[in-house]
Amino acid sequence: MRPKSAASKFVAFAAGAATVIGFLAALGSAPAVADTTPAAGPADAAHVTDVSTASTIATTYKHKVVVDSQSSPTMLVQALPDGTMQAESDVVPARAAVNGVWTPIDTSLQKRSDGWLEPKVAAAGVRFGPGGSNQIAQVQSGSGQWFSEAWPYGNLPIPTVSGSHALYPEVFPGVDLRLTATDAGMSEVLVVKTAQAAADPQLAGVTLAVQGATVQQNVKTRTLQAETTASAEPVASATPLWWDSSSALSNADNPGGDEPQAVPTTSTSSSVSLDVNSVTATTPTYPVYVDPDWSSYLQADWYTDRAYPNQSYLDPPSDSVGYGVSGGVGYLSHAFFQFTTDVVAHKHILNARFNIHQTYANSCDTTLVQLWEYGGSTSPGFTWNTEPNQWWYADDQQGNANGGPCAPNPAWDGFSATHAVTSAAANGQGNIQLGMRVANESNSLTRKHYDWNAQLIITYNTPPANPTLPTFVSPPRTCSSDPLKPVYVNNGPTQPLKLQVTQTDPDGPGYGVNDGFYVYSATGTTILYSVGTANPSPQGQEQVQFDAGKIPPGAYRWNARAGDGIDLSAGFSPYCYFTVLDDGPDLPTITMPPLNVGDHYTVGSQITATIGYNGTQHVAMLALWWAMGKTPTIPVTATGGAPSCSPAPVVQTVRFVCPADPTKGTQDVTMAVPSEASTLSVTAYDAAGNPVKGTTTVATQSVTAQADLTNVADAAGHRWETDLLDTSTPPTSVSDADTTTTINLSVAATSVWTDNGDGHGPSLTYPGSATATTASGVVNTTKSFTVSAWLTPGANTTTGTFTALSNGSGADSDFTLGITGGNWQFCTRVPGTPSTTNPQCVLGSGATTNQPTFVTGTYDAANSLISIWIGTTAPFAYASHIVTGTPTPAGGGLLVGADRSSGSTVNGWSGLINNPSIYQGVATGNQLGKIATDIDPGSTGL
């Protein structure tokens, strides 16, 4: 992570096999200006739940912020103002949650309303008895349950309270009981003041009764645990130790220069017994201190001693290191500490410091003490004889004589633990063990003592995530990871390249990141071009721009890598392969299929034309259209989207074809000539969207053809001449002009006929009449067909949809001819699409109410073209466009006066209809003129 206001700090990193210059060189970034009053963001706070919010507040308001969700009595996680994080891991509890705030422990005793004594702020709850009863203390486990400890020798006296201590005098003659609230719980020291007091036989087995918990002994370390319930976290009691006053520094809190030794201890499930007499038998210097304790929330500290090779010293209040001689006994010790490190797993460790409070040195010499990375799989509490000797790496060494003859004051010592913590973080370890030993273990002036409250302070950072989802924003392209299938772009004089990746930082969205974008040749690793995002940029979609004309034509690949001002992402985004094309292809050529002498093309009949192009110019799409008086608009430009034929675009009468093999140089296209005199127009686009270069960008070919007199003829189609009817007696059938396959038009006897003197004879009148139908199908709508009628719209047809002709026995009509929104409309239907939601429609000109109009719809299957024609002679009003898919085959016969949708008859016509007709082919303008005047369109001549 990195703060939005922090200056950039970048380092070198590798891109593939090449070395990428650091971000400053690549991006040309400069320090951003701090903004301490952002318009949006979290409010200032000293502690919050999550890392992301804490990080944002810390960098914005320039102070540390505690992350509550990751903190505990032995762990304090804070976001720092410089954008990093800090974790303080403590062997003993250092804080407690007070009203939701992590507060430093204060063991000063205060009296409760019931007379009991308790510390002001404690992670491990303890209460000391008020005296006057046998109650010594109550102790709380880490999971919240309490148990009590009692004095079975009578009522205790009223204690004297001083700071963290409660002194119960003369619990035995010449013996005081001194209770102390500690950071981890409590200690209880029996102070044997004289040899006479030590002779008391009661000291042979001083028993402390435990109520509300079961006492158990750890077989390996011989330490004790009190379990309130099977599932509760136990309260630990370290091996009870004793020391005397042979050292001037010794007192009830600390052995000073004395060497503490284990007190013989026995236990039952409800008591602990100390053999104090065995201690006094060694002729000690009085007073003698015997120190059992109860502790919670401890991580682990322990030491080993060669003088007592089988004794475990787990979680003692004081740890020993080095070699010294006392009372004729040589003591050589190693000390060990275990810390939780899961919060920094897989983080980048910037610094780690091991701090420990040195209380004693046996000389003025600054003899060296070493800090080692130790163990990893060892269990705390091993002895000198069982020590696994796993000294992996010496992190640091320091020489201090604190607490010694020449520097009598205790002081904190600091050691670098960066290597050890970095190793643990890289391996994702949940905890780490550190060991202390002296550099020269044969030197008897190296003995040192330390308090147990060691701490490990770690400063760390989470590198930003690898950039993802590389893409081109402009021109819009989806990246390709396949070098054999690059995307194509234009980077000419007017087209910049805008690249984008998606960027996140695991520490949260409040941090800015930088992304460097690097362009290489398609197979190389040398950076050819680079640019970086602003310094820093918000997370999300990171974009950069290479200016127009920056990257010359050629084959390339690009990727991106992120930085947060401290770290780089572990890797890069995926490669995006691309080719720059700037010029556009050559003008294509058109080759029509050859004709023998006397042969001709037929309107609507399928032919195959060959389009030629330069096979080395990455031609991706051909645009073809038949020009019949209108020039279509082609929505592909040099800076537009990449050409695509899947799905095929639909633009007016333009048909788009993608070459099956762009390198072949030719593409066959199946089509049909749409009229007697037409012009085929063709242009091309390369894969970058560049149009044909030069002043002439469209190739043309004039083509003539003859009308289809075979299919568009009464002998093959159907035409019903209502204008020739005698409607004095309403007819029930209209004869088909096709005498070969006659399909008459059935008309209900209740139909209404109107002859309004407009020259078109009787017409079916709607509404009010039943629809007219044929008994069987009249056309295959998957092939080319033409449908026409004279239509006179009623006055109410300016809004809504009104269908004059359709096919009608199926659930949905497969074509419709009529009016929608006041305009003439012809539609075909794609399979599975209801006619009411049919997208395959073409709108003609506006319909004039109460005026007879000859209206025709055609479907040209070879050209995938639907058209609507208005009128009887040229110039026709018409409109056309390409359709996608093949229309559904017609189900049922002709339906006059309505259409079908989802099984219902809908969109009833309003007005007059006469002379409907339908042919299995594409009619020419001349043929439409014949149909409109009751002439067989398959006849020759006028």
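**View 1. An open sheet of eight strands, paired antiparallel**. In this predicted model, the strand order runs β57-β58-β61-β70-β63-β64-β65-β66. The edges belong to β57 (733-734) and β66 (840-846); each has a single partner strand, so one side of each is left without a neighbour in the sheet. Zoom in on β63 (residues 801-807) and β70 (residues 894-896) and you'll find three bridges joining these antiparallel strands. Across that pairing, Leu805 sits opposite Val896 of β70. As a reminder, strands in a sheet pair through backbone hydrogen bonds, in either a parallel or an antiparallel way.

**View 2. Asp899, a buried acid without a salt bridge**. Asp899 belongs to strand β71 (residues 899-901). What is the nearest side chain of opposite charge? That would be Arg900, 7.9 Å away. Asp899 does have a polar partner, though: its side chain makes a polar contact with the side chain of Asn907 at 3.0 Å.

**View 3. Helix α2, mostly covered**. Nine of the eleven residues in α2 (residues 51-61) are buried. The buried set is Val51, Ser52, Ala54, Ser55, Thr56, Ile57, Ala58, Thr59 and Thr60. Which strands help cover them? Among them are β3 (47-48), β4 (65-67), β5 (75-79) and β6 (85-90). Now look at the two ends. At the start of α2, Asp50 brings a side-chain oxygen to within 3.3 Å of the backbone nitrogen of Ser52. After the helix comes Lys62, with a positive phi near 65 degrees.

**View 4. Ala166 and its surroundings in β15**. Ala166 is part of strand β15 (residues 165-172). Ala166 counts as buried because its relative accessibility is 0%. Leaving out residues up to four places away in sequence, Ala166 touches Leu109, Leu117, Phe128, Pro159, Thr160, Leu177, Arg178 and Leu179. Take Leu179 from that list: 13 residues separate it from Ala166 in sequence, yet their C-alpha atoms are 5.2 Å apart.

**View 5. Met436 in the largest nonpolar core**. This core has 47 residues, and Phe354 and Met436 touch the most other members. Setting aside residues up to four places away in sequence, Met436 touches Val321, His334, Ala335, Phe337, Phe354, Ile356, Val369, Gln370, Leu371, Trp391, Phe415 and Tyr450. A second core, separate from this one, has 41 residues, including Phe147, Met186, Leu190 and Val192. The background here is familiar: in soluble globular proteins, nonpolar side chains tend to be buried together.

**View 6. Two salt bridges with partly exposed partners: Arg112 with Asp114** **and Glu170 with Lys193**. The closest N and O atoms of Arg112 and Asp114 are 3.1 Å apart. Arg112 is partly exposed at 26% relative accessibility, and Asp114 is partly exposed too, at 41%. Next, Glu170 and Lys193 meet at 2.7 Å, N to O. Glu170 lies in β15 and Lys193 in the loop between β17 (185-192) and α3 (195-198), so this pair ties together parts 23 residues apart in sequence. Their relative accessibilities are 43% for Glu170 and 32% for Lys193.

**View 7. Glu259 and Arg447, a buried salt bridge**. How far apart are the closest N and O atoms of Glu259 and Arg447? They are 2.6 Å apart. Glu259 comes from the loop between β22 (241-243) and β23 (261-262), while Arg447 comes from the loop between β36 (431-438) and β37 (448-451), so the pair ties together parts that are 188 residues apart in sequence. Both Glu259 and Arg447 are buried. Elsewhere, Glu88, Asp90 and Arg95 are linked in a salt-bridge network. The salt-bridge count comes to 13.

**View 8. Ser917, buried in strand β73**. Ser917 is found in β73, which covers residues 911-919. Ser917 counts as buried because its relative accessibility is 1%. Which residues is Ser917 in contact with, leaving aside its neighbours within four places in sequence? They are His718, Arg719, Trp720, Thr786, Val787, Ser788 and Ile931.

Conventions
Residues are numbered from 1 along each chain as its sequence is written. This is a predicted model: local features need pLDDT of at least 70, side-chain atom pairs count only at pLDDT 80 or more; totals for chains, interfaces and linings use all residues. Side-chain values use heavy atoms; hydrogens and water are left out. Helices (H or I, at least four residues) and strands (E, at least two) are DSSP runs, numbered from the N terminus. Buried means under 20% relative accessible area, exposed over 50%, partly exposed in between (1.4 Å probe, protein chains only). Lys and Arg count as positive and Asp and Glu as negative; His and the chain ends are not counted. A salt bridge is a side-chain nitrogen of Lys or Arg within 4 Å of a carboxyl oxygen of Asp or Glu. A polar contact is a pair of N or O atoms within 3.5 Å; within protein, one must be able to donate a hydrogen and the other to accept it, and residues adjacent in sequence count only if both atoms are side-chain atoms. Contact means heavy atoms within 4.5 Å. Two strands pair if DSSP finds at least two bridges between them. A nonpolar core is a set of buried Ala, Val, Leu, Ile, Met, Phe, Trp, Tyr and Cys residues joined through side-chain atoms within 4.5 Å.
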